[in-house]
Amino acid sequence: MAKWQYTKGLHDLGSGCYAWLQPNGGWGYSNSGLVVDGNETLLVDTLMDLEHTREMLEGYRSAVPAAKSIGMLVNTHSNGDHTYGNQLVEGARIVASRQCAEEMAQWRPEKRAEMMRNWQAHGPAAAAWHELYHGRFDFEGVVYTPPTEVFDRELNLKVGSKEVQLVNVGPAHTRGDVLVHVPGDRTVFTGDILFIGGHPAVWAGPVSNWIRACDLILSWDVETIVPGHGPVTDKNGVIALKRYFEYLTVEARERFDAGMDENDAARDISLDAFGSWIDSERIVVNVNALYREFSGSNANPNTMTMHARMAELRKERRGWRAKS
């Protein structure tokens with residue numbers, strides 16, 4: 001039996017650390033964290049929209065009196081499912097990596113809302129977003145709320161007497177991915193450097209840098225690890241994700257060297273060893289990242305194209321399941 005139950009809502013991790021979990025951890029269903037000491041609080045990430053963020057904040061505040069006034073918010077990276085609720089944490093000092101702030105400015109929630117309203121006019125990628133998010137998340141009324149403070153590689157904070165270390169291990173999932181390490185509590189909130197029970201998505205890369213981020217977590221004296229998506233874990237969860245990337249690197253390299261097209265490679269690589277993991281279509285993004293790494297390309301992936309390609313693969317695999 002797992003030490004931590006994977007149920008929706010508040011989880012008391014002990015020693016003033018908390019997590020808010022959203023099963024099943026798929027597209028948009030991210031986790032957040034809270035660090036408390038005395039009357040001081042630090043929130044790790046908001047959620048995809050105002051409704052989900054409001055529910056999360058009310059959950060923390062009903063259980064933790066100090067959370068009625070959150071002093072600091074750390075955005076671990078730029079994705080909307082970790083930032084779009086920022087406006088509800090009024091008066092907080094919002095801290096993020098410099099690259100996170102830059103990416104947030106490029107993909108403002110108002111743009112996402114407009115694309116969801118008029119998805120039929122925006123092509124296959126917008127159609128894919130509509131399929132994933134319509135009826136699950138509401139982007140209307142979300143206001144761009146950027147960080148108030150940025151840093152480059154590391155920043156040490158204090159929450160009461162607790163030391164909290166912010167470490168930017170990007171580029172990996174995005175261009176600026178921050179680990180929130182609470183060494184005194186042997187706890188780390190990883191943002192989307194860690195997906196548990198689901199395929200990750202390498203939007204920035206290189207994959208080799210993500211593997212180094214896993215090694216950094218494994219080098220720390222931590223026992224409680226809150227991922228960006230999925231259940232609370234320990235170092236075994238980190239080891240599993242590292243093995244996934246090591247496996248994918250070998251398999252993609254073999255096909256790259258053979259001259260196989262990246263889309264064909266994504267369909268050719270067996271994922272049987274990860275058959276229980278959700279969102280397997282993300283292999284399209286991950287193979288693209290590895291092919292860019294192998295070729296020495298510094299080009300950024302076209303996120304619209306990647307979403308359209310993932311949607312194609314989702315439909316194909318649904319067809320295979322229907323026939324089986």
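This report walks through the empty spaces, one helix pair, one buried helix and two loop residues of a predicted model.

**Pocket and cavities**

Rolling a probe the size of a water molecule over the atoms shows where empty space is left. In this structure, the largest pocket holds about 660 Å³ of space. Its lining is made up of 29 residues. Nearest the centre of the largest pocket lie S78, N79, W107, W203 and T303. Three helices, α2, α4 and α9 (303–323), each give at least two residues to this lining. Helix α2 provides the largest share, three residues.

The structure also has two cavities of 30 Å³ or more. The table sets these spaces side by side.

| Space | Volume | Lining by class |
|---|---|---|
| Largest pocket | about 660 Å³ | 12 nonpolar, 11 polar, six charged residues |
| Largest cavity | about 60 Å³ | seven nonpolar, three polar, no charged residues |
| Second largest cavity | about 40 Å³ | four nonpolar, six polar, one charged residues |

Which residues line the largest cavity? They are S78, T83, Y84, M104, W107, P109, V142, V143, Y144 and T145. S78 and W107 are also among the residues nearest the centre of the largest pocket. No charged residue takes part in the lining of the largest cavity.

The second largest cavity is lined by N31, S32, G33, V44, D45, F189, T190, G191, V226, P227 and G228. One residue of that lining is charged.

**Helix α2**

Helix α2 spans residues 98–106. Q99, C100, A101, E103 and M104 are buried in this helix. What do these buried residues pack against? Their partners are the strands β6 (93–97), β7 (149–151) and β9 (162–168). An α-helix has 3.6 residues a turn, so residues three or four places apart point the same way. M104, one of the buried residues of α2, also helps line the largest cavity.

**Helices α3 and α4**

Two packed helices are described by the angle between their axes and the distance between the axes. Helix α3 covers residues 109–117, and helix α4 covers residues 123–133. They pack at an angle of about 90°, and their axes are 9 Å apart. Angles of 65 to 115 degrees count as roughly perpendicular, so α3 is roughly perpendicular to α4.

The contact brings R112, M115 and M116 of α3 to A126, W129, H130 and Y133 of α4. By class, five of the residues in this contact are nonpolar, one is polar and one is charged. Helix α4 also supplies at least two residues to the lining of the largest pocket.

**Two residues in one loop**

D192 sits in the loop between β11 (187–189) and α5 (207–219). G197 lies in the loop between β11 and α5 as well.

Is D192 buried or exposed? Its relative accessible area is 2%, so D192 is buried. Not counting residues up to four places away in sequence, D192 touches H77, N79, H82, H173, W210, G228 and H229. Among these contacts, N79 is one of the residues nearest the centre of the largest pocket, and G228 helps line the second largest cavity. D192 and V202 are 10 residues apart in sequence, with 9.9 Å between their C-alpha atoms.

G197 is partly exposed, with a relative accessible area of 32%. Leaving aside neighbours within four places in sequence, G197 contacts S276, W277 and I278. A96 is 101 residues from G197 along the chain, and their C-alpha atoms are separated by 26 Å.

Terms used: Residues numbered from 1 in each chain as written. Predicted model: local features only at pLDDT ≥ 70, side-chain atom pairs only at ≥ 80, totals over all residues. Heavy atoms only, no water. 1 Å grid on protein atoms, 1.4 Å probe; cavity = no way out; pocket = protein on both sides within 12 Å on 5 of 7 lines; lining within 4 Å. Points joined across faces, edges and corners; volume = space filled by probe spheres on them. Nonpolar A, V, L, I, M, F, W, Y, C, P; charged D, E, K, R; others polar. Axes fitted to C-alpha atoms, helices over the stretch in contact; angles between N-to-C directions. Helix = DSSP H or I, 4+ residues; strand = E, 2+ residues; numbered from the N terminus. Parallel < 35°, antiparallel > 145°, perpendicular 65-115°, else oblique. Contact = heavy atoms within 4.5 Å. Buried < 20%, exposed > 50% of the residue type's maximum accessible area, 1.4 Å probe, protein only.
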